[in-house]
Amino acid sequence: MQAIILGISAFFHDSAACLLIDGEVVAAAQEERFTRKKHDSAFPTEAIRYVLEAGGVSVADLTEVVFYEKPFLKFERLLETYHAFAPVGFWSFAKAIPVWVKEKLFTRSQIRKSLEAFGPLKAPVLFSSHHLSHAASAFFPSPFAKAAILTLDGVGEWETAAIGTGEGGQITLHQSLHFPHSLGLLYSAFTYYLGFRVNSGEYKLMGLAPYGDPEAKETHDFREAIFSSLLRLNENGSFFLNMRYFRFATALRMTNDGAWERLFGLKRRLPETAITASHGNLALAIQQVTEEIVLRMARHARALTGCENLVMAGGVALNCVSNLKLREAGIFDQIWIQPAAGDAGGALGAAYAVWHAKYDPQRNLIGTPDAMQGAYLGPEFSAKEIRLALRQQGAVWEEISDEAGMMARTASALAAGKVVGWFQGRMEFGPRALGNRSILGDPRNPDMQKTLNLKIKFRESFRPFAPAVLAGDAHRYFDFSGESPYMLFTAPVAEAIRHASSQTSFAGLDRLYEMRSDLPAITHLDYSARIQTVTSETNPRFYALLRAFKQETGCSVLVNTSFNVRGEPIVCTPADAYRCLVNTGMDLLVIGNFWVEKSRQPIDRQHQEASQPHWD
């Protein structure tokens, strides 16, 4: 009898579903990709529908259903927190508790009822703890037989961080940090204070940090204020937040704005307002503090576990800048990070936890770099399905059967400055587009960064773009050894291709448009880049395109950004991709073997341009 395990995460943000059959990840996807609601927290009905279809199974075939956290423990934490801070937080209590009493305490019943809409459910509904789910998602798909585990996020039930050991099919969690003392919530508090949305704007905060001046007295003062007033940091990486400065425990906002204004001499930035040098300095300060905390925790994890290798998960593990600092510190021989490190990946971890606890306590490694299959675990579409979708959209297309010819033609278009929507194979699981749902451009083009931000993505102009590079050529462009298949590490751009910074032609956020290297579209102010190394084994088609671009231009790097516009999830279907093409300044869509040029589409140009979203 097969073990068919459905993992589910839901009801906070980034709901997702994952299907394991006899320990193999068959499919995984976030609900947002199907509903088109970014960070959708609803029960992942459509994601479940997809993973069941991908596995060729029904609800009746499931042997276990497992949820990624324990609602009763989370409810306990809420009650104890409100009691500890009472009477502060009464209105938040009055709003939150009825929802729990009415709905969230009955998660098992809700899961059963929702799944029985698909058919009879015979399997038990089980629960994994939040940080065990993160730990399992980090260790079990990793290439290591034994490793230290570090999980870092906002908060699960009580835990906000945990250190453990994974060996064989066993995970042991040794120590944990408890709410409200949370690195994830600390970073989110600064995300909020600097005018970005919590649980989605943390990437923006990380992207803003290089605009800060590391030598400025203001940056130093901000950092010292954080260490002296906001938290007390211990040598082992544990810390205590000074809750007089925070409101997330008792209110629907992150900070005590008045106290922060007095501490930093800087008012909270409202969304969409101007970004100043001080905002950049404050972003840099909290990034530096975050890196110091992560490094101390990692050193403690090495001493506590004695392991040579480290695996990581939780939302903080997506901070690719701190990941590089951790890698460079040499605390561990190797580091592997779960590509779906946030709550979506909890669905996968919960399923893995049950598989190894019940069916495979030994865990035989599969002999490949990892079990994530490049994170290509989402839907894919046949030529027939793509053709039908394009026809329904009224598209004009050309079908190209010559694979080499398609790669050469796409490479030529990219070299000519075209922006290409690249839609191939299975959709990625996790927040990164890794060459199957990507927007591509020529990194040598000095206008590409501005074009992509303002005319394609409709997002803030200060945000940098990531490079995809042939794995064997990465050393030519970046000071980086090894592989970064999931775009989870930054790397310095190689000295050989850097340009000296004059800092005379550009000011403020426009400094990013300065020619800082031979690849200006992917070089951030601090000469860093968040790299993806591509191999023929993991993604043969994307690899072939990079080779074709290298043959065309001598450059084996492409700009790779997610195939979406601001405020929308990454595209899932051919119809999603086509709509993105016609509603942005994108030039070309290459979808499977179909070539779709924007200029040939039968759309009302004047109406289309006028209806585009924009960002000033």
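Which strands does helix 5 (residues 107–116) lie across? Helix 5 crosses strand 1, strand 4 (64–67) and strand 5, at about 140 degrees to strand 5. This is a predicted model, where local features need pLDDT of at least 70, side-chain atom pairs count only at pLDDT 80 or more, and totals for chains, interfaces and linings use all residues. Residues are numbered from 1 along each chain as its sequence is written, and side-chain values use heavy atoms, with hydrogens and water left out.

**View A. An open sheet of five strands.** The strand order is 3-2-1-4-5, with mixed pairing (strands pair if DSSP finds at least two bridges between them; helices are H or I runs of at least four residues and strands E runs of at least two, numbered from the N terminus). Strand 3 (24–30) and strand 5 (125–127) sit at the edges, each pairing on one side only.

**View B. Strand 1 beside strand 2.** Strand 1 (residues 4–9) and strand 2 (residues 16–21) run antiparallel, joined by six bridges. One bridge pairs S9 with A16 of strand 2.

**View C. Helix 2 on the sheet.** Helix 2 (residues 45–55) touches strand 1, strand 2 and strand 3 (contact: heavy atoms within 4.5 Å). Its direction makes about 155 degrees with that of strand 3 (axes are lines fitted to C-alpha atoms, for helices over the stretch in contact; angles run from 0 to 180 degrees between N-to-C directions).
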